[in-house]
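Hi everyone, thanks for coming. I'd like to walk you through one protein chain today, so please have a look at the picture as it comes up.

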Amino acid sequence: MSPTASAPRTASRSGSAGRRPAHTAPRHRRALGPLASIGLLASIVVSLLAASSAPTPLYAIYQQHWGFSPITVTVVFGVYAVAVLVSLLVLGRISDHLGRRPVLLAALSAQAVAMVVFVTADGVDALLAARVLQGVSTGAAVGALGAGMLDIDPRRGGFLNSFAPAIGTATGALASGLIVQYLPEPTHLVYVALLGVFVFQGLAVLALRETAGRRPGALASLTPEIRLPRSARASVAIAAPVLFAVWALTGLYGALGPALVRTLVHSTSVVWGGLPLFVLAASAAVAVVALRGTATRTVMLLGSGTLVVGVVITLLSIGPGTGGALSATGFFVGGALSGFGFGSGFQGGIRMVVPQVRASERAGVLSLLYVVCYLGLGVPAVIAGVLVVHGGGLLDTAREYGVAVIGLTLAAATGLLVSDRRTQRAAAHATAAAHATVSPTPCEAATAETRG
């Protein structure tokens, strides 16, 4: 029961002596209800991921204005992932000690500053600085956001932890492309809009009820440490390769997707630049909704199979001698199937691990999972950028990247199947041992004595 609701009853029990003049009565801040709170947290995940993907359609414009190479594009893309990784390692557990609200307020403030840097950017250095700010604030926030949603409602929170990132990535890429193509101030307006969103969300966080009380160890938690509870180690060993593989695919579409689709459709429209990531992420969101009631291991195996098929179709669409409407159609069909696999694999990985840990360990474990995800997102993308310039070019690099993603996915699926067989064998041995230790009934004992 809230303090506001209990105050009148206290006053009635204590009589007139317990009454206070209206001007001295304590004022209680009205906190958001559970549904509004979890909706706010999910919306922050969406806006953070939308902001991270918003620059994707703009890279071509930045290249024209500032004349940098494809390597720079992937470095700008990758530096965000590196900043998220560092932030996750240093700040990933801080909300378990300081509470969710202070961490979210700081992260949203940093995101607002990043939007200002984007608006005023006049070169690659400013672009990199904005991406670093984005990455640090996102890394600090995702653990607190994910844990906060699970604190409020484990069932809805588990679903939104998979659904919200996909929606954010999809809306950021497409909305940015449309704004850049059809509205004035293409390199400013999208960031101004996001700045307004972050300010509004920061004010809303002030009304958020805290779900994690303060506890000692905040400074110690800043020391980078991979601490994984024993209860979750087996699940993380299975989920981590899947998470790495599906986010590596996102790196392909985020870093090379705009250039690939412009090559296929022979168009310079920035809307095309945002479409590959939109299709991938939107399909991932559909998978999260469609499979939310399906068994976790089934979801992961289905995701692995769909992802492999989607990437194969994508590779065929960008094969030698391709181009035109047919190849572009195959590219987007492959992206949609791959996205379904991404959503399935990501959802399955989160669902496999989170139930194995205590509430006080959630932010740290979720941050660890995101470390795996952002390693998959950033490292292969930066390598691909180097290969585009110093290797076989855009199409050859994309094919090699796709083959690598298929290999990772198949390895992850193999590990999952092997784990299933080991689990089944262990269960069979345990059942056999239980039967062997069961004492005989009196009738069985009498029969045995008679036979003897």
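Before I point at any helices, one bit of vocabulary: when I talk about a helix axis, I mean a line fitted to the C-alpha atoms over the stretch in contact, and the angles run from 0 to 180 degrees between the N-to-C directions. Two packed helices are described by the angle between their axes and the distance between the axes. Please also keep in mind that this is a predicted model.

First, the overall picture. The protein chain has 18 helices and 0 strands. Of its 452 residues, 51% count as buried. If you take the contacts between residues at least 6 apart in sequence, 87% of them join residues at least 24 apart.

Now to a pair of helices. How do H7 and H8 cross? Helix H7 covers residues 124-152 and helix H8 covers residues 154-182, and their axes come within 6 Å, crossing at roughly 150 degrees. Angles over 145 degrees count as roughly antiparallel, and H7 and H8 are therefore roughly antiparallel to each other. Their crossing is right-handed. Who is touching whom? On the H7 side we have Gly-146, Met-149, Leu-150 and Ile-152, and they meet Pro-154, Gly-157, Gly-158, Leu-160 and Asn-161 in H8. Sorted by class, that contact has 5 nonpolar residues, 4 polar ones and no charged ones.

Let's set a second pair beside that one. Helix H2, residues 34-53, packs with helix H9, residues 189-205, at an angle of about 155 degrees, and here the axes are 11 Å apart. That makes H2 roughly antiparallel to H9. The crossing of H2 and H9 is left-handed. From H2, the residues involved are Leu-40, Ser-43, Ile-44, Ser-47, Leu-48 and Ala-51, and from H9 they are Leu-194, Val-197, Phe-198, Gln-201, Ala-204 and Val-205. The class count for H2 with H9 is 9 nonpolar, 3 polar and no charged residues.

So where do charged side chains pair up? The structure holds 3 salt bridges, and we can go through them one at a time.

Let's start with Asp-151 and Arg-100, where the closest N and O atoms are 3.1 Å apart. Asp-151 lies in helix H7 and Arg-100 in helix H6, residues 100-120, so this pair ties together parts that are 51 residues apart in sequence. Are the two partners buried or exposed? Asp-151 counts as partly exposed, at 23% relative accessibility, while Arg-100 is buried, with a relative accessible area of 4%.

Next come Arg-156 and Asp-153, whose side chains meet in a salt bridge at 3.0 Å, N to O. Arg-156 is partly exposed at 38% relative accessibility. Asp-153, with a relative accessible area of 18%, is buried; the cut-off for buried is under 20%.

The remaining salt bridge joins Arg-399 and Asp-396, with an N to O distance of 2.5 Å. Both of these residues lie in helix H17, residues 394-436, and they are 3 residues apart, about one turn of the helix. An α-helix has 3.6 residues a turn, so residues three or four places apart point the same way. Asp-396 counts as partly exposed, at 34% relative accessibility.

Now let's move to helix H11, residues 233-255, which is where you'll find Thr-250. Trp-247 has its place in H11 too. Which residues does Trp-247 touch? Leaving out residues up to four places away in sequence, Trp-247 touches Phe-342, Phe-346, Cys-373, Tyr-374, Gly-376 and Leu-377. For one of those partners, Phe-346, the C-alpha to C-alpha distance from Trp-247 is 8.3 Å, with their positions 99 residues apart in sequence. Trp-247 is buried, with a relative accessible area of 3%.

Thr-250 is buried as well, at 7% relative accessibility. With the same sequence neighbours left out, Thr-250 touches Leu-277, Leu-280, Phe-342 and Leu-377. You'll spot Phe-342 and Leu-377 among the contacts of Trp-247.

One last stop: helix H3, residues 59-66. Tyr-59, Ala-60, Ile-61 and Tyr-62 in H3 are buried. Just after H3 comes Gly-67, which takes a positive phi of about 65 degrees.

That's my tour, and I'm happy to go back to any part of the picture.

How values were computed. Residues numbered from 1 in each chain as written. Predicted model: local features only at pLDDT ≥ 70, side-chain atom pairs only at ≥ 80, totals over all residues. Heavy atoms only, no water. Helix = DSSP H or I, 4+ residues; strand = E, 2+ residues; numbered from the N terminus. Parallel < 35°, antiparallel > 145°, perpendicular 65-115°, else oblique. Left-handed = near helix turned anticlockwise from the far one by under 90°. Contact = heavy atoms within 4.5 Å. Nonpolar A, V, L, I, M, F, W, Y, C, P; charged D, E, K, R; others polar. Salt bridge = Lys/Arg side-chain N within 4 Å of Asp/Glu carboxyl O. Buried < 20%, exposed > 50% of the residue type's maximum accessible area, 1.4 Å probe, protein only.
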